[in-house]
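Dear colleague,

Please find below the structure that I am handing over to you. I should be grateful if you would read the notes with the model open beside them.

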Amino acid sequence: MAQLEIESEVQGNVWKVMVTPGTQVAAGDLLLIIESMKMEIPVEAPVAGTVAKLLVAPEDSVAEDQVLAVLETA
């Protein structure tokens with residue numbers, strides 16, 4: 001299995017997390033939401049897989065290009 005790192009496209013704060021490690025996701029599924037400049041930025045799975053690691057929690061500050069989660073893909 002390959003691993004794919006999911007990175008933040010913006011600086012902000014984690015507002016809501018929709019998945020936990022072990023969650024199976026399809027391409028386009030919502031993983032979490034980042035609040036940046038009063039806007040909600042959705043972070044979606046780019047491919048189908050299983051959440052191997054979740055590296056952030058609600059209210060965490062994140063930087064642009066920070067790794068948020070790791071997906072295991074087939």
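The notes below go through selected residues, grouped by topic.

Please bear in mind throughout that this is a predicted model.

**The negative patch and its surroundings**

A negative patch on the surface is made up of Glu 5, Glu 7, Glu 9, Glu 64 and Asp 65. One of its members, Glu 7, belongs to strand β1, which covers residues 2-7. Glu 7 is classed as partly exposed because its relative accessibility is 39%, a value between the cut-offs of 20% and 50%.

Another member of the patch is Asp 65, found in the loop that joins β7 (61-62) to β8 (67-73). Asp 65 has a relative accessibility of 52% and therefore counts as exposed. The backbone of Asp 65 also deserves attention: its phi is positive, at about 75°, although the residue is not a glycine. For context, most residues other than glycine have a negative phi.

Is Ser 8 buried or exposed? Ser 8 sits in the loop between β1 and β2 (12-17), and its relative accessibility is 1%, so it counts as buried. With neighbours within four places in sequence left aside, Ser 8 is in contact with Ile 34, Val 62, Ala 63, Glu 64, Asp 65, Gln 66 and Leu 68. Two of these contacts, Glu 64 and Asp 65, are members of the negative patch.

**A second positive phi**

Met 37 likewise has a positive phi, of about 55°, and is not a glycine. Met 37 is placed in the loop between β4 (30-36) and β5 (39-44). With a relative accessible area of 74%, Met 37 is exposed.

**Strands β4 and β5**

Leu 32 is part of strand β4. Its relative accessible area is 0%, so Leu 32 is buried. Which residues does Leu 32 contact, leaving aside its neighbours within four places in sequence? They are Lys 16, Val 17, Met 18, Ile 41, Pro 42, Val 43, Leu 54, Val 56 and Leu 68. Between the C-alpha atoms of Leu 32 and Glu 5, which are 27 residues apart along the chain, the separation is 14 Å.

Ile 41, one of the contacts of Leu 32, lies in strand β5. Setting aside neighbours within four places in sequence, Ile 41 is in contact with Val 10, Leu 32, Ile 33, Ile 34 and Ser 36. The C-alpha atoms of Ile 41 and Val 14 are separated by 9.5 Å, with their positions 27 residues apart along the chain.

**Two threonines**

Thr 23 is located in the loop between β2 and β3 (24-25). Its relative accessible area of 24% makes Thr 23 partly exposed. Leaving out neighbours within four places in sequence, Thr 23 is in contact with Gly 49, Thr 50 and Val 51. From Thr 23 to Leu 71 the C-alpha distance is 9.6 Å, and the two residues are 48 apart in sequence.

Thr 73 belongs to strand β8. Thr 73 has a relative accessible area of 13% and is therefore buried, since buried means under 20%. Not counting residues up to four places away in sequence, Thr 73 touches Met 1, Ala 2, Val 47 and Ala 48.

Yours sincerely

Notes
Residues numbered from 1 in each chain as written. Predicted model: local features only at pLDDT ≥ 70, side-chain atom pairs only at ≥ 80, totals over all residues. Heavy atoms only, no water. Patch = residues over 30% accessible without salt bridge, like charges linked within 9 Å, V, L, I, M, F, W, Y side chains within 5 Å. Areas by Shrake-Rupley, 256 points an atom, 1.4 Å probe, with all protein chains shown as cover. Salt bridge = Lys/Arg side-chain N within 4 Å of Asp/Glu carboxyl O. Lys, Arg positive; Asp, Glu negative; His and termini not counted. Charge placed at Lys NZ, Arg CZ, Asp CG, Glu CD. Helix = DSSP H or I, 4+ residues; strand = E, 2+ residues; numbered from the N terminus. Buried < 20%, exposed > 50% of the residue type's maximum accessible area, 1.4 Å probe, protein only. Contact = heavy atoms within 4.5 Å.
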